[in-house]
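Subject: Handover of a structure

Dear colleague,

Please find below the sequence and structure that I am passing on to you. My notes on what was found follow directly after.

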Amino acid sequence: MNYAWEAVLLAEQNDRDRDSLRFVEAVTPSPYIEVSVTDLNTGEPEGDRVEINPLYRLGDVFGRLFDRNTDQMVQTRALFFDVCMHYITQLDLREGLSKEDYHHSLLSDDIQSGRYGRAAAKRFALFSRQEQKLVVREYLCLLKTGNCQESFRKAVTGLYTDALVYENNETAYELLVYLGTADTDAQRERAAFLRDMFLPVQETVHFFYENHFGIIGVDETMGVDEMVIF
């Protein structure tokens, strides 16, 4: 973790909001890295306070603005520093955005704001930030290809490592989905979101959570007390 934008990305990967981070001038800054940390191997910012060496790459900008020899308006200078660093990290992160990233952001905002329905917004919040990105990516793929079942399968198997998706050959528009996770209210709401988001109305989906349904001839699914009869 060298740059301020890396600290922001690491925090977001651990489901922390970037707006909760507070950038402050490092008391004893290192001349070799922008973010001052006690442990160079740390995986994310230590708390919400991120100490920054403003002269590491922004000396021409911050050299006079945040002169350590000035002891006036301490609180105002600290607030201004925090605002400046948030703005700079925002610019840094946007430099690598592609057109697809921009569409991801717009679609995610639409879901969260309730444009896909209040129920969808509440259910979407049950996914972590990284899981939300995966769901949005697969939904955008669905809009391009029109292949509902394939996008649904990729979303499910991407979210649940043990998931299996079966198509019932005897009944049209029927899927059997094993998730391999605890059967909780939250997981049922997540499953309902995926079904409504990716599949047409006429598609029937049966979700199985902790126990797989039995398949004759497949011993792994026929364990006593470890299968569901369907």
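In this predicted model, one open sheet is built from three strands in the order β1-β3-β2, and its pairing is mixed. β1 and β2 (35-36) each have a single partner strand and stand at the edges, so one side of each is left without a neighbour in the sheet. The pairing of β2 with strand β3 (residues 49-52) is antiparallel and rests on two bridges. Within it, valine 35 has isoleucine 52 of β3 as its bridge partner. Helix α3 packs on this sheet, where it touches β1 and β3. The direction of α3 makes about 120 degrees with that of β1.

The second sheet to describe is also open and mixed, with three strands in the order β4-β5-β6. Its edge strands are β4 (164-167) and β6 (204-208), each of which pairs on one side only. On average, and with direction ignored, neighbouring strands in this sheet are turned by 20 degrees against each other.

How do the strands of this sheet run relative to one another, parallel or antiparallel? Strand β5 (residues 174-178) runs parallel to β6, and five bridges join the two. β4 and β5, by contrast, run antiparallel and are joined by four bridges. Leucine 175 is a useful residue to locate in the viewer: it stands opposite valine 205 in β6, and glutamate 167 stands opposite this leucine in β5. The hairpin of β4 and β5 has six residues between the strands, and tyrosine 173 in this hairpin takes a positive phi near 55 degrees.

I turn next to the packing of helices. Two packed helices are described by the angle between their axes and the distance between the axes.

Helix α1 (residues 4-13) and helix α3 (residues 74-95) have axes that come within 9 Å and cross at roughly 80 degrees. Angles of 65 to 115 degrees count as roughly perpendicular, and α1 and α3 are therefore roughly perpendicular to each other. On the α1 side, the contact is made by Ala4, Trp5, Val8 and Leu9, and on the α3 side by Met85, Thr89, Asp92 and Leu93. Six of these contact residues are nonpolar, one is polar and one is charged.

Helix α4 (residues 99-112) and helix α6 (residues 129-145) pack with their axes 10 Å apart, at an angle of about 110 degrees. α4 and α6 are therefore roughly perpendicular to each other. Here Glu100, His103, His104, Leu107, Ser108 and Gln112 of α4 meet Gln132, Val136, Arg137, Tyr139 and Leu140 of α6. The residues of this contact divide into four nonpolar, five polar and two charged.

Finally, there is a pocket to report. Rolling a probe the size of a water molecule over the atoms shows where empty space is left. The second largest pocket has a volume of about 340 Å³. It is lined by 16 residues, and the closest to its centre are Val24, Glu25, Val74, Arg77 and Ala78. Which elements each supply at least two residues of the lining of this second largest pocket? They are β1 (22-25) and α3. By character, the lining of the second largest pocket divides into eight nonpolar residues, one polar and seven charged.

With kind regards

Conventions
Residues numbered from 1 in each chain as written. Predicted model: local features only at pLDDT ≥ 70, side-chain atom pairs only at ≥ 80, totals over all residues. Heavy atoms only, no water. Pairing = 2+ DSSP bridges. Axes fitted to C-alpha atoms, helices over the stretch in contact; angles between N-to-C directions. Parallel < 35°, antiparallel > 145°, perpendicular 65-115°, else oblique. Contact = heavy atoms within 4.5 Å. Nonpolar A, V, L, I, M, F, W, Y, C, P; charged D, E, K, R; others polar. 1 Å grid on protein atoms, 1.4 Å probe; cavity = no way out; pocket = protein on both sides within 12 Å on 5 of 7 lines; lining within 4 Å. Points joined across faces, edges and corners; volume = space filled by probe spheres on them.
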